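Trainee: Got a minute to walk me through this one? I'd like to go over how its parts sit together.

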Amino acid sequence: MKILELTSTELTHEIKRLYGKGEYYAQAVYRQIYCHGNTDFKHVKEFQNSRKLVRELKMALELNACPVVGEQKEGDLTKFITKLKDNLQIESVIIPMETYQTLCVSTQVGCRMGCRFCATGQLGFLRNLTIEEIVGQLYTAKFFYGMDIRNVVFMGMGEPFDNFDNVIQAIRVMSDPKGLNVPKSRITISTAGMVDGILKLAELNWSDLNLAVSLNAPNNRIRSSIMPINRSVPMEKLKEVLLGYPLSKSRNFLVGYILIKDLNDTHRHALDLAKFLRPLRVKLNLIPYNRCSDSLFAPPSDEHIRRFQRWLVNEKFFVRTRSIRGRNVTSACGQLGKKQ
Ligand code: SF4
């Protein structure tokens, strides 16, 4: 039984099926593992008279949080590298907010989307992460680093919708109120624009989950030049699918826009972007491009970033410019997976 792949209800069914015991024990197991990070039930009061069951559970339960093999810090921000069973490595980032932490998780080793501004995309695709490898990143952040993780963003290595089933089950486990308890309203999936994934998510009707789209261009010509997915799913198609998405009244789509000097950062681009987004309810997140050693692109100046933001605010959009924390430890957006 891979505990990091199960919700409390699923664990209850499994324990009942295997041992004929019910919810009382299953809830105790779940609480110990997910609320206290404890896998030794010997001294837990619910098991005081059930030595045999403790032995059997210890044999049956697998908790494979992969080991942390590397770590880099910039201020309070921590990037940690986990080694998977097949020796591949993934990266996750703990981002400090004012009173809590946000965890950025990976969903694949590498990525097949090939976005030209992204270090992960340049790695190519190696494989999907399993459910426990995704949930394990949150488990590690909570119990290895002792962090109070309130938000989870699926913005690390990989395209989440390219690993749809595992990502969805990972969200079920992460948001289980009896366990890790990160509510869906504090979870964000970010996609490069895989419309079949957006449609499948819409069918789940998880209206409180946040959906982010990495747009990065004001028109098809520029978007296709930096994001190959746009050649098969042009922006009009993406917009059509978003317009049909059952977005709850209290929510907005989050739209990521990586600002790249002389590519997508002129006044005309801001106006075209505003025109494209006008029918959608969005919050815009401007992300200054992060230069890597072998970069094809350059970031705009701080002054120009402010100007671009003003142009969009004048068009009545809510716009935030993401601070560039983590740039020095290659944990900023588009840098995960980059060779040090
Ligand atoms: S930006 Fe996201 S979707 Fe594009 S290559 Fe990088 S990880 Fe993949």
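**Helix contacts first**

Mentor: Sure. Start with the place where H2 meets H5: Ile-33, Tyr-34, Cys-35 and His-36 in H2 are in contact with Val-135, Tyr-139 and Phe-143 in H5. Keep in mind that this is a predicted model.

Trainee: What classes of residue make up the contact of H2 with H5?

Mentor: Six are nonpolar, one is polar and none is charged.

Trainee: And at what angle do the axes of H2 and H5 cross?

Mentor: At roughly 70°, with the axes coming within 9 Å. H2 covers residues 23-36 and H5 covers 131-143. Given that angle, H2 counts as roughly perpendicular to H5.

Trainee: OK, zooming out. Which domains is the chain divided into?

Mentor: Domain 1 is 3-60 and domain 2 is 68-329. Their C-alpha centres lie 35 Å apart.

Trainee: How many residues of each domain are in contact?

Mentor: On the domain 1 side there are 15, and they are in contact with 14 from domain 2. About 1200 Å² is buried between domain 1 and domain 2, and carbon and sulfur atoms give 57% of that area.

Trainee: Which three residues supply 51% of the area that domain 1 buries?

Mentor: Leu-4, Glu-5 and Tyr-34, more than any other three residues. You've met Tyr-34 already, as one of the H2 residues in contact with H5.

Trainee: Switching to the ligand. Which residues are around it?

Mentor: The cysteines there are Cys-111, Cys-115 and Cys-118. The glycines are Gly-114, Gly-121 and Gly-158, and Met-113, Phe-117 and Ala-192 complete the set.

Trainee: How many of the residues in that shell are charged?

Mentor: None; the shell has six nonpolar and three polar residues.

Trainee: Where is Met-147 found?

Mentor: In the loop between H5 and strand S7, which is 149-154. Leaving aside neighbours within four places in sequence, Met-147 is in contact with Ile-94, Gln-101, Ala-141 and Lys-142.

Trainee: How far apart in space are Met-147 and Tyr-34?

Mentor: 13 Å, C-alpha to C-alpha, though they are 113 residues apart in sequence.

Trainee: Last one: what is Arg-251 in contact with?

Mentor: Setting aside neighbours within four places in sequence, Arg-251 is in contact with Ser-185, Ser-207, Asp-208, Leu-209, Asn-210 and Arg-281. Arg-251 is in the loop between helix H10 (235-243) and strand S10 (253-259).

Methods. Residues numbered from 1 in each chain as written. Predicted model: local features only at pLDDT ≥ 70, side-chain atom pairs only at ≥ 80, totals over all residues. Heavy atoms only, no water. Near = heavy atom within 4 Å. Nonpolar A, V, L, I, M, F, W, Y, C, P; charged D, E, K, R; others polar. Axes fitted to C-alpha atoms, helices over the stretch in contact; angles between N-to-C directions. Helix = DSSP H or I, 4+ residues; strand = E, 2+ residues; numbered from the N terminus. Parallel < 35°, antiparallel > 145°, perpendicular 65-115°, else oblique. Contact = heavy atoms within 4.5 Å. Domains from an automatic or database assignment. Buried area = accessible area lost by both parts, 1.4 Å probe.
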